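Work through the exercises below with the sequence and the model open beside you, and try each task before reading its solution.

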Amino acid sequence: MRNTPAKPPLSGRRVLLVEDEPEVAEAVERMLEEAGATIIGPAGTVIEALGLLAHGRLPDVAVLDLNLHGEISLP
């Protein structure tokens with residue numbers, strides 16, 4: 001019996017990343033990609049995130065920084 005490598009936990013999942021700090025966005029993006037995710041973004045504003053959502057399939061999950069320089073990212 002051969003050992004089959006395990007699929008990464010987020011393999012095939014699309015993740016919307018909303019983060020306004022470039023260093024944090026880069027670190028989170030790297031971690032998500034290592035887990036197998038396809039990243040949508042990162043977006044630094046609500047408007048940018050909504051624009052990304054308007055141009056394609058919806059993500060399976062979103063990782064949101066709730067405070068984007070004083071703007072709440074919940075929309």
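**Exercise 1: the two sides of a helix**

On the other side of H1 from its buried residues, Pro22, Glu23, Glu26, Met31 and Glu34 are exposed, where exposed means over 50% relative accessible area, buried under 20% and partly exposed in between (1.4 Å probe, protein chains only). This is a predicted model, in which local features need pLDDT of at least 70 and side-chain atom pairs count only at pLDDT 80 or more, while totals for chains, interfaces and linings use all residues. Residues are numbered from 1 along each chain as its sequence is written, and side-chain values use heavy atoms, without hydrogens and water.

Task: find which residues of H1 are buried, and what covers them.

Solution. Begin with the helix itself, H1, which runs over residues 22–34; helices (H or I, at least four residues) and strands (E, at least two) are DSSP runs, numbered from the N terminus. Next, pick out Ala25, Val28 and Leu32 as the buried residues of H1. Seen down the helix axis, these buried residues fall within an arc of 75° (taken from the directions from the axis to the C-beta atoms), so they line one face of H1. Finally, their cover includes strands S1 (14–18), S2 (38–43) and S3.

**Exercise 2: backbone details**

Task: locate the cis peptide bond and the residue that has a positive phi although it is not a glycine.

Solution. First, the bond from Gly41 to Pro42 is cis, with omega near 10°, and Pro42 lies in strand S2. Second, His69 has a positive phi of about 50°; His69 sits in the loop between strands S4 (67–68) and S5 (71–72), and is exposed at a relative accessible area of 65%.

Conventions. Expected span 1.5 Å × (residues − 1). Contact = heavy atoms within 4.5 Å.
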